[in-house]
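Trainee: I would like a close look at one part of this model, with its surroundings added afterwards. Please keep the answer in one piece.

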Amino acid sequence: MLTGIHFLLTYACNSECDHCFLYCGPNSEGTFTSSQLRDVLAEAARIGTVDMAYFEGGEPFLFYPLMVEGIRIAREMGFATGVVTNSYWATTEEDAELWLGPLVELELSDLSVSDDAFHHGDVEDTPAKRALAAATRLGMPSDSICIEEPMVETGIEKDQDKGAPVIGGGAMFRGRAVEKLAEGLPTRPWEELTQCPYEDLRDPGRVHLDPYGHVHLCQGLSMGNMWETPLSALIQNYDPDLHAICRPLLEGGPALLAKQYDVKHQDQYIDECHLCYLVRLALIDRFPQYLAPRQVYGL
Ligand code: SF4
Ligand code: SF4
């Protein structure tokens, strides 16, 4: 049941992280308008099950008045709200309170702050720590997201065989992470990658919405376009068994996706997402309505 919508308010970001699975950066284009936010929130209300609206990106604080307006409209319509930020704006704790004050007034339910070396380098006093300290002082619910350099861990995780290498650190091998972080990591045979481990493609609990209208089930894997079909209708009519990419992913994971569409591939991949992302990249011209936008594939 869909309970959360996540606005990719903008693809623009002041950072250009190696692990960014949306390929965001200072030159990335695509930002919602306030009237689009209002229309989409009205559609989300029509769905009847959505109770949470997140504002993320890219970096949503780059479009601060728009983000605040989106949160205001969402609150007016009765949604709980959250923000995900890299907290570049937290120059001091005191100034961070200036940025967070209006969000406290709107009773923001969750401030998620990226706090790791990818975002801030390996230093003690980071903007993330200042932002979190300011949030605590203001009584705002907040948490941090920490993604480390990929590392090899051993042991059992999910359905993997005992002793199979497990890549820790939390980076997902999609988008720029595939280009920048994949090299040298242990791999598994492609035929073993027979399920999607992270997204519920049959009954998604949340979707990410971008300014081009794409309704992402996973980054770059679109249910359809909400500028062509209203969001409530897209959600109501979604049938994963009729979706050219989700059906094989549900039936046999990225391995079946590659097999079904005869995509040339290597023998080994780091994990399911690594194979899935590269197969989807190879299929992008064949299924432009489902594999979009091209910029999250680095194109
Ligand atoms: S991971 Fe976050 S902070 Fe880094 S480039 Fe992507 S959107 Fe920006
Ligand atoms: S990249 Fe593919 S396998 Fe990984 S979570 Fe997304 S849809 Fe599932």
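How many bridges join strand 1 (residues 4-8) to strand 9 (residues 206-209), and in which sense do the two strands run?

Mentor: The model is a predicted one, and what follows should be read as a description of that prediction. Strand 1, residues 4-8, is joined to strand 9, residues 206-209, by 4 bridges, and the two strands run parallel. Two of the facing positions can be named. Gly 4 is opposite Arg 206 of strand 9, and Ile 5 is opposite Val 207 of strand 9. As a general matter, the strands of a sheet pair through backbone hydrogen bonds, and the pairing is either parallel or antiparallel.

Strand 9 also pairs with strand 10, residues 214-218, this time in the antiparallel sense and over 2 bridges. Here His 208 has His 216 of strand 10 as its bridge partner. Strand 9 and strand 10 make a hairpin, with 4 residues between the two strands. Gly 213 lies in the turn of that hairpin and has a positive phi of about 100°.

Now place these strands in the whole sheet. The sheet is open and has 8 strands, in the order 5-4-3-2-1-9-10-11. Reading along that order, strand 9 sits between strand 1 and strand 10. The pairing in the sheet is mixed, and you have already met both kinds: strand 1 with strand 9 is parallel, while strand 9 with strand 10 is antiparallel. The edges are taken by strand 5 (142-145) and strand 11 (221-225). Each edge strand has a single partner strand, so one side of each is left without a neighbour in the sheet. From one strand to the next, the twist averages 25°.

Next, the surroundings, beginning with ligand 2. Among the residues around ligand 2 are Cys 218 and Leu 221. Cys 218 falls within strand 10, which covers residues 214-218, and Leu 221 falls within strand 11, given as 221-225. Others around ligand 2 include Arg 174, Cys 196, Tyr 198 and Glu 199. Helix 8 and helix 9 each supply at least two residues of this shell, and helix 9 gives the most, with 4 residues. By class, the shell around ligand 2 has 9 nonpolar, no polar and 3 charged residues.

The two helices at ligand 2 also touch each other. The axes of helix 8 (residues 246-260) and helix 9 (residues 272-282) come within 9 Å and cross at roughly 30°. Helix 8 and helix 9 are therefore roughly parallel to each other, and their crossing is left-handed. Gly 253, Pro 254, Ala 255, Leu 257 and Ala 258 of helix 8 meet Glu 272, Leu 275, Cys 276 and Val 279 of helix 9. This contact has 7 nonpolar, 1 polar and 1 charged residues. Pro 254, Glu 272 and Cys 276 belong to that contact and are also among the residues around ligand 2.

Ligand 1 has a shell of its own, made of 13 residues. The closest are Cys 13, Ser 15, Cys 17, Cys 20 and Asn 86. The shell around ligand 1 divides into 5 nonpolar, 6 polar and 2 charged residues. Set beside it, the shell around ligand 2 has no polar residues.

Key. Residues numbered from 1 in each chain as written. Chains lettered and ligands numbered in written order. Predicted model: local features only at pLDDT ≥ 70, side-chain atom pairs only at ≥ 80, totals over all residues. Axes fitted to C-alpha atoms, helices over the stretch in contact; angles between N-to-C directions. Parallel < 35°, antiparallel > 145°, perpendicular 65-115°, else oblique. Left-handed = near helix turned anticlockwise from the far one by under 90°. Contact = placed C-beta atoms within 7 Å. Nonpolar A, V, L, I, M, F, W, Y, C, P; charged D, E, K, R; others polar. Near = placed C-beta within 6 Å. Pairing = 2+ DSSP bridges.
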